[in-house]
Amino acid sequence: MQYRLIRPEELPQAAALADSVFRKEGDRSMGELFPSIFRPGLVHSYAAWDEDGTLAAFMGLVPSTVQAGPVALRAFSIGSVCTAPAYRNRGLAGTLLALCQKHARRAGAALIFVSGERSLYERAGCVPFGRAARVRLHPEAAASLAAAAEDEDRLLRPMQPEDLHAVCELLTAREAGFAASAGELAAELGAGALAGAMGLTPRTLVAVREGRVEGFLAAALPAAVPGAPADPARGDAAPSDGAAVEWAGRPEAVAALLAKAALCSGAALEVPVPWHEHRLLALLREAGAAAAFGGNAGTVCAASRAELLRQAVPAEADRAAVEAAAPGDRELLSVLFDPDSPLRAAADGLPPALPLPYLYGLHFV
């Protein structure tokens with residue numbers, strides 16, 4: 001078996017393998033849903049090839065820069081991990097993961113995010129991380145949220161191409177997020193990766209006040225007729241829940257957009273709110289939405305402990321306190337990114353926890 005970086009001209013084969021594992025007939029191809037993995041260019045992904053030239057396994061690896069409060073972190077994301085049925089249970093994915101981790105270390109990365117929680121990743125040092133509230137915005141709460149925003153002079157409408165730069169500026173101004181240019185954002189919005197993976201329809205909305213875009217929402221919504229509730233008498237099925245994928249802007253504007261998306265879809269909307277977005281979470285809970293706290297999505301590992309400490313904790317005094325409180329990588333990830341980490345309660349002189357974006361957003365791979 002040969003393990004190596006995949007070549008740009010081989011990416012269609014990788015997309016076909018991923019389609020055979022993750023998609024069914026009639027679904028959009030993984031190559032369309034995940035352009036950051038499968039488009040030609042400077043490729044970071046790895047593959048395993050049989051001696052006869054058959055693509056046996058693939059692991060997508062995508063570079064990024066993550067804004068985490070006051071610091072910017074070099075990172076990679078792993079996704080679209082697949083093995084052809086005839087080659088499973090041979091340890092191919094484990095070997096590819098080790099190669100991806102070495103690649104990230106050579107690139108000077110601090111973190112590797114993984115879209116998954118398999119034992120394969122756990123054995124390689126990947127752990128749950130951060131903290132987020134899973135908010136369920138049911139129609140009653142959405143109606144209350146919408147009513148609270150009625151007296152505000154704000155237009156809610158579908159996003160237009162001309163809004164792209166304004167939306168990109170809102171996303172860039174967030175406390176935590178994956179950095180993206182306007183062109184990269186356009187590609188992510190067009191792909192609708194998370195919505196496609198969930199079997200839902202991508203929708204983008206903006207909130208405009210006095211001619212300026214002050215809020216943005218990307219959502220994954222059921223394909224039911226907007227605003228049409230299920231009718232049991234006709235045998236209609238209740239619409240599946242939708243999901244908020246990404247948002248930015250004034251919390252009040254985002255809350256209004258979330259309410260509109262939920263009411264138009266006729267279904268509940270799942271909203272994963274990272275711990276640092278206090279105002280948005282308060283608005284949702286005041287409207288009656290239920291919230292349950294847990295970790296972020298997927299898993300993460302330190303690509304390099306030294307790089308993670310250098311990039312995440314620039315001040316040497318703070319770095320010494322963090323190192324003393326976190327002897328291992330698991331402990332380090334907890335101290336850095338979980339504001340409720342028990343290790344924080346047992347240590348003095350630690351800098352504030354760093355906010356991270358919710359992993360399953362527009363940048364989902």
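I take helices (H or I, at least four residues) and strands (E, at least two) as DSSP runs, numbered from the N terminus. The model is predicted: local features need pLDDT of at least 70, side-chain atom pairs count only at pLDDT 80 or more, and totals for chains, interfaces and linings use all residues. Residues are numbered from 1 along each chain as its sequence is written, and side-chain values use heavy atoms, with hydrogens and water left out.

**Pockets**

I looked up pockets on a 1 Å grid over the protein atoms alone; a pocket is an open set of points where a 1.4 Å probe fits, with protein on both sides within 12 Å along at least five of seven lines, and lining residues have an atom within 4 Å of a point. Grid points are joined across faces, edges and corners, and a volume is the space filled by probe spheres set on the points.

For the second largest pocket I noted a volume of about 330 Å³. Its lining has 19 residues, and Arg-174, Trp-247, Ala-248, His-276 and Glu-277 are the closest to its centre. I then asked which element gives the largest share of this lining. It is E11, with five residues. Strand E11 (242-249), helix H10 (251-265), strand E12 (269-274) and helix H11 (278-286) each supply at least two. By class I found 11 nonpolar, two polar and six charged residues in the lining of the second largest pocket; Ala, Val, Leu, Ile, Met, Phe, Trp, Tyr, Cys and Pro count as nonpolar, Asp, Glu, Lys and Arg as charged, and the others, Gly among them, as polar.

The largest pocket holds about 550 Å³ of space. I found 39 residues in its lining, with Ser-36, Arg-39, Val-62, Glu-188 and His-363 nearest the centre. The lining of the largest pocket divides into 25 nonpolar, 10 polar and four charged residues. Elements that each supply at least two of them include helix H3 (35-38), strand E3 (55-68) and helix H8 (182-191).

**Helix H4**

I checked the span of H4 (residues 92-106): its 15 residues should cover 21 Å at 1.5 Å a residue, and the end C-alpha atoms are 21 Å apart, which agrees. The expected span is 1.5 Å times one less than the number of residues. Gly-108, which follows H4, has a positive phi near 75°.

**Positive phi outside glycine**

Ser-80 has a phi near 55° and sits in strand E4 (residues 71-83). Its relative accessibility is 8%, so I count Ser-80 as buried (under 20% relative accessible area; exposed is over 50%, partly exposed in between; 1.4 Å probe, protein chains only). Glu-210 has a phi of about 50° and lies in the loop between E9 and E10. At 75% relative accessibility, Glu-210 counts as exposed.
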